[in-house]
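Here is a short set of questions and answers on this model. Look at the structure first, then read on.

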Amino acid sequence: MNYHSPASFAEASALAADATGITRFLAGGTDVLVQLRADIVTPDNLIDIKKIGGVRDITRNADGGWTLGVAVTGAEMSEHPELGRDWPGLVEAMDLIGSTQVQGRATLAGNLCNASPAADSVPAMFAAGVTVTVTGLGGDRVVAVEDIPTAPGRTSLGKGELISAVHVPARGQNAGDAYLRFIPRTEMDIAVVGCGVNLRLEGDTITEARVSLGAVAPTVLLVEDCANAIIGTTLDQAALEALASAASAACNPIDDKRGTIAFRTEVAGVLARRAAKIAYARAKGEQA
Amino acid sequence: MSKIHVSTTVNGDTVEYLCDPRETLLDCLRDRLNLTGAKEGCGTGDCGACSVTVDGRLVCSCLMLGAEAEGGQIETVEGMADGEELHPLQKKFIEYAALQCGVCTPGVLVAAKALLEKNPDPTEEETRYWLAGNLCRCTGYDKIIRAVMDTAAEMREAS
């Protein structure tokens with residue numbers, strides 16, 4: 001295995017484009033090193049992107065949105081004084097991943113590119129409408145996060161392409177997000193079901209919504225039927241029931257010892273209801 | 001396969017080693033630098049027995065390559081005591097018998113030290129969540145938590 005630590009994304013892209021065999025990019029390494037050790041994936045070339053300038057920066061843009069470097073860790077997101085005020089659901093979702101030790105290394109871009117359907121930060125990013133800059137030999141393009149994972153462990157990134165920045169939209173007024181997951185314990189586990197909700201209000205009425213589900217299909221899902229079930233409502237009982245039904249209907253989960261199909265399908269509806277209530281309360285400026 | 005030359009700082013001392021690109025920081029600490037305090041429990045970031053801090057940040061040294069440590073500031077359990085004088089956490093762990101087989105202890109100590117540096121007055125809940133990534137199969141955790149809470153109280157009084 002060759003270890004590279006390029007000084008720019010263009011150089012990283014060129015290295016990957018020229019490489020033969022298996023190439024992996026190394027950000028926090030909390031998945032790459034586990035796969036390396038377990039002999040699941042032994043890269044011929046490992047490209048460490050942490051020596052590239054700006055990869056640890058969290059920057060507020062002129063429009064109120066955020067740009068996060070690809071090596072920003074979960075701990076750095078949680079410690080940031082303002083990011084979590086704008087996007088508590090996104091920051092809490094990232095914070096649910098692994099231990100304190102893992103939080104010191106793990107990154108949003110890594111969680112996205114690992115392409116696990118159960119990744120906690122990914123449904124929150126889907127709901128928030130996060131986009132990423134993808135750098136390749138032909139230059140940069142901006143891609144919605146929901147267009148990155150294509151199957152468990154697979155992404156739409158081509159040879160020589162890598163994520164070079166994560167863009168979180170401006171929060172704007174009267175809006176809130178939330179992410180909840182079910183695990184059979186309180187810490188150190190992988191989602192059996194996860195659900196992200198992001199919405200905006202006009203008065204008491206929901207005018208915009210994005211709802212995502214994790215661990216209930218081969219990829220994280222952005223569920224339009226869930227959004228439609230609550231847009232135009234005040235999140236009353238009927239809307240919550242319609243939301244839960246739409247969430248359950250979108251599920252296509254695996255059946256394993258951690259959760260049966262029936263259980264995951266039911267819990268998706270329950271989490272959607274609860275996450276929507278939290279996001280709604282946050283949009284109203286209430287504590288939740 | 002060529003080895004990588006790494007220059008880094010461990011417990012305040014500048015050190016250099018040559019490592020294979022596949023070697024983890026844990027491998028390098030133990031096999032290149034003979035610092036065997038950090039233990040390999042799982043090797044996959046679940047158990048925390050290999051906990052060290054890198055640039056002040058608590059990490060699993062099994063989830064980081066030795067090559068990534070270039071230019072870093074690494075602190076391990078070997079750096080906790082001041083000569084013969086044990087760190088307050090170490091003394092309290094002995095007093096509370098907060099260990100049995102001891103394999104998890106270096107990682108727990110490093111993690112607890114990182115907690116108290118960040119938050120000198122943690123609640124029991126905060127302490128339990130902070131240490132959730134440090135598995136102990138002997139003590140049932142209660143003695144560990146009590147030792148950390150008592151150390152925190154004592155260190156607050158002393159400061």
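Q: Which residues does A:Ala247 touch, not counting residues up to four places away in sequence?
A: This is a predicted model, in which local features need pLDDT of at least 70, side-chain atom pairs count only at pLDDT 80 or more, and totals for chains, interfaces and linings use all residues. Residues are numbered from 1 along each chain as its sequence is written, with chains lettered from A and ligands numbered from 1 in the order in which they are written. Two residues are in contact if their C-beta atoms, placed from the backbone, lie within 7 Å. On that basis A:Ala247 touches A:Cys195, A:Leu213, A:Val223, A:Cys226, A:Ala268, A:Gly269 and A:Ala272.

Q: Which helix gives the most residues to the largest nonpolar core?
A: A nonpolar core is a set of buried Ala, Val, Leu, Ile, Met, Phe, Trp, Tyr and Cys residues joined through C-beta atoms within 7 Å. Buried means that 20 or more other C-beta atoms lie within 10 Å of the residue's own, exposed that 12 or fewer do, and partly exposed in between. The largest core has 140 residues, and A:Ala247, A:Ala272 and A:Ala275 have the most contacts inside it. The top contributor, with 10 residues, is helix α11 (residues 261-283) of chain A.

Q: Why do the buried residues of α2(B) lie on the same side of the helix?
A: Helices are DSSP runs (H or I, at least four residues), as are strands (E, at least two), numbered from the N terminus. In helix α2 (residues 88-95) of chain B, the buried residues are B:Leu89, B:Lys92 and B:Phe93. They share a side because the directions from the helix axis to their C-beta atoms cover an arc of only 105 degrees.

Q: Which exposed residues sit on the face of α2(B) turned away from its buried side?
A: The buried residues have cover that includes α3 (105-118) and α5 (142-158) of chain B. The face turned away carries B:Ile94 and B:Glu95.

Q: Which element supplies the largest share of the side of chain A that touches chain B?
A: Here 21 residues of chain A are in contact with 23 residues of chain B. At least two residues each come from β1 (2-4), α2 (32-37), β3 (45-48) and α6 (100-103) of chain A. The largest share, four residues, comes from α2(A).

Q: How far apart are the C-alpha centres of domain 1 and domain 2 of chain B?
A: An automatic or database assignment sets the domain bounds. It gives domain 1 (4-79) and domain 2 (88-158) of chain B. Their C-alpha centres lie apart by 21 Å.
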